[in-house]
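Subject: Structure handover and notes

Dear colleague,

Please find the structure below, with the sequence alongside. My notes on what was found in it follow underneath.

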Amino acid sequence: MKLKDLRCCDKCGGQIALVFHIVEVTQAIVDGAAVNREYGMVQAMGGSVALASIMGVEEDVVKMVPHSTKLILCQECGMSGELNLAELVEKRYDAENEKADKEKSDEND
Ligand SMILES: [Zn+2]
């Protein structure tokens, strides 16, 4: 992480100290079709998951969304209280878009 990437805490907006937390949030989605294929192989192997995994092509049944969000949390926010990851990710997403829009409008001026 570069100096330019440091910012205030994404939860409370306070300054970070020497020790802080970075939480990388990535959404995951269950691939229903892949689950069905794997389940079909298990059924074909008489219900044996172990046999199905040997005989079949084990594929990932969970897909990761390519974009992840890095949250910066001060020591206090990282160590105490509740974290609403969806809310913090949305707030971070909005801030990144706002920054990108500002940079775009600065280029046009
Ligand atoms: Zn904080």
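**Around cysteine 74**

Once its neighbours within four places in sequence are left aside, cysteine 74 is in contact with Cys9, Cys12, Gly14, Ile16, Ala17 and Phe20, where two residues count as in contact if their C-beta atoms, placed from the backbone, lie within 7 Å. Before going further, please keep in mind that this is a predicted model, in which local features need pLDDT of at least 70 and side-chain atom pairs count only at pLDDT 80 or more, while totals for chains, interfaces and linings use all residues. Residues are numbered from 1 along each chain as its sequence is written.

Cysteine 74 itself sits in the loop between β2 (62-73) and α3 (75-79); helices (H or I, at least four residues) and strands (E, at least two) are DSSP runs, numbered from the N terminus. Cysteine 74 counts as buried because 20 other C-beta atoms lie within 10 Å, the scheme being that a residue is buried with 20 or more other C-beta atoms within 10 Å of its own, exposed with 12 or fewer, and partly exposed in between, with C-beta atoms placed from the backbone. Its C-alpha atom is separated by 7.8 Å from that of cysteine 8, although the two are 66 residues apart along the chain.

Cysteine 74 also belongs to the largest nonpolar core, which has seven residues in all, namely Cys9, Leu71, Ile72, Leu73, Cys74, Cys77 and Leu88. The largest share of this core, three residues, is supplied by β2. A nonpolar core here is a set of buried Ala, Val, Leu, Ile, Met, Phe, Trp, Tyr and Cys residues joined through C-beta atoms within 7 Å. One of the core residues, leucine 71, touches Asp10, Val23, Val25, Leu88 and Arg92, not counting residues up to four places away in sequence.

**The overall arrangement**

The protein has four helices and two strands, and read along the sequence they follow the pattern β-α-α-β-α-α. The radius of gyration is 21 Å, whereas a compact globule of 109 residues would have one near 13 Å; this radius is taken over C-alpha atoms, and the globule rule is 2.2 Å times the number of residues to the power 0.38. Along its principal axes, the C-alpha trace spans about 65 × 40 × 25 Å. Of the 109 residues, 9% count as buried, and residues 24 or more positions apart account for 76% of the contacts with a separation of 6 or more.

**Strands and helices**

Strands β1 and β2 pair in the antiparallel sense over nine bridges, pairing being assigned if DSSP finds at least two bridges between two strands. Within this pairing, isoleucine 22 stands opposite isoleucine 72 in β2. Strand β1 is hardly covered, with a count of zero buried residues among its 10 residues. Valine 62, in strand β2, is exposed, since 10 other C-beta atoms lie within 10 Å, and, residues up to four places away in sequence not being counted, valine 62 touches Ala28, Val30 and Asp31.

Helix α4 (residues 85-108) has 24 residues and reaches 35 Å from its first C-alpha to its last, close to the 34 Å expected at 1.5 Å a residue; the expected span is 1.5 Å times one less than the number of residues in the helix. This helix, α4, is also hardly covered, the count of buried residues among its 24 residues being one. Tyrosine 93 is found in helix α4 and is exposed, because 12 other C-beta atoms lie within 10 Å. Helix α1 (residues 32-44), with 13 residues, reaches 18 Å from its first C-alpha to its last, close to the 18 Å expected at 1.5 Å a residue, and just after α1, glycine 46 takes a positive phi of about 70°.

**Confidence**

The average pLDDT is 91, and 100% of the residues score at least 70, pLDDT being the predictor's confidence in each residue, from 0 to 100. Among the elements, helix α2 (residues 49-55) has the lowest mean pLDDT (86) and strand β1 (residues 21-30) the highest (96).

With best wishes
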